[in-house]
Amino acid sequence: MTAPHLLDRIGLAPGTQRLVRDLESRYDTHFSHLVHFTAQELSALHAPGPLPPNVRTASAANPEVAQRMETVTDVANLPLQRSADRDRYFQALMDIYGMLPVRAADLASRPDTAVVAPEREGRILAEALGCPPEGRYWSPQAKRVHLDRGLLVGVDDRLPRQAERLVVIDGVVASGVTLMAIAQLAARPGAVVDILTCHSTRQGALALTRCAERLGIALTLHVGHISGTLNHKFYAVDPDAPDQLILGDVGDTISPRKTTT
C-alpha cells in the first residue's frame, strides 16, 4: 500500500468540491491541502496486528492512567455536561499527559523541533502544557469528512515546511487520519516525529505506525491508554457497548469548560 495521496482541488468532482467548501464554511477556514484515504487504504492501515515497540503506552505501567480514562468516558457520555464536568474531563486529560514517560515541554524545547497542535483540542492542550515555542509552533485546522466510504482530510496552510524533527500534540487518536495527514505534509522523509496523545484506539495506533513506515519517517507514539474500537463513523466506542463513546468530541468538551451548559 502506498502512502495516502494529495488531491488536486481543481480536478475534484463537483460534488466533492461542494463537500470541501461546506467543511471550510463550517470551520471558517481554507484548506490548502486535501489528503484522501480510500476505503481500501483505511482497511489496510487499520488491519489487526501486534503493536510495535514505537507505540509507548503509559497505562501498561501505570494503572492510574486507565482510572483517568474512566473519568473521561463518564463525562463524554453525560446527557448534559456542566462546567464542573468539563473541568474534571480537562484535568483528567492533563493528568494523563503528566503520566506519559516523556514531557511535551521537554520535547518542544529543542531548538531544531517544530511543534504542531491541531485546532482545537491540540492547541488548548499544548498551551496548557507550556509547549508553544515562539516561531516554531503551528496550530492548523485539520478536519476529516467521509468520501466514497473513505475519509478526506482538509488541512489549512498553518504548517511547518518539511521539518526534520516534529512534535505533534493532540487529545486523542481515533482513525488517525488527521495526524497521518499532518505527518505527511509537515515531516520530510527521514524525519524524527513524536506524537503525544492521551488515548488511541488500537486501529489508530497501528495506522499511524504503518503510515509512518511508508512515509519513511521515524515515529514514536506516546499514548496514555489504548482501548475501544472504531465504529462505522470512525469514532472510538466501547466494543461491548457500541453506543458508548470513549471520549466524545474533545474540542467541544474542553473549549467552553468555564461556561455552564
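The exercises below work through a sheet, its covering helices and one lysine in a predicted model.

**Exercise 1.** Work out in which order the strands of the open sheet stand, and which strands stand at its edges.

*Solution.* Begin with the order, in which 4 strands form the open sheet as β1-β2-β7-β6, with antiparallel pairing. Next, look at the two ends of that order: β1 (5-6) and β6 (142-147) each have a single partner strand, so one side of each is left without a neighbour in the sheet. Finally, take the pair at one end, where 6 bridges join β6 to the antiparallel strand β7 (residues 150-155), and where Ala142 stands opposite Val155 in β7.

**Exercise 2.** Find which strands helix α1 and helix α7 lie across, and state how many residues of α7 are buried.

*Solution.* Start with helix α1 (residues 14-27), which lies across β2 (33-37), β6 and β7 and runs at about 145° to β6. Then turn to helix α7 (residues 177-186), which lies across β1, β2, β6 and β7 and runs at about 125° to β2. As for burial, 10 of the 10 residues of α7 are buried, among them Val177, Met180 and Gln184.

**Exercise 3.** Locate Lys143 and determine what the nearest side chain of opposite charge is.

*Solution.* Lys143 has its place in strand β6, and this residue is buried. The nearest side chain of opposite charge is that of Glu121, 5.5 Å away; a salt bridge needs the two groups within 4 Å, so this distance does not qualify, and Lys143 has no salt bridge. Beyond its close sequence neighbours, Lys143 touches residues including Leu23, Tyr27, Glu119 and Leu152.

Notes. Residues numbered from 1 in each chain as written. Predicted model: local features only at pLDDT ≥ 70, side-chain atom pairs only at ≥ 80, totals over all residues. Heavy atoms only, no water. Pairing = 2+ DSSP bridges. Contact = heavy atoms within 4.5 Å. Axes fitted to C-alpha atoms, helices over the stretch in contact; angles between N-to-C directions. Buried < 20%, exposed > 50% of the residue type's maximum accessible area, 1.4 Å probe, protein only. Lys, Arg positive; Asp, Glu negative; His and termini not counted. Lists of a residue's contacts leave out its neighbours within four places in sequence.
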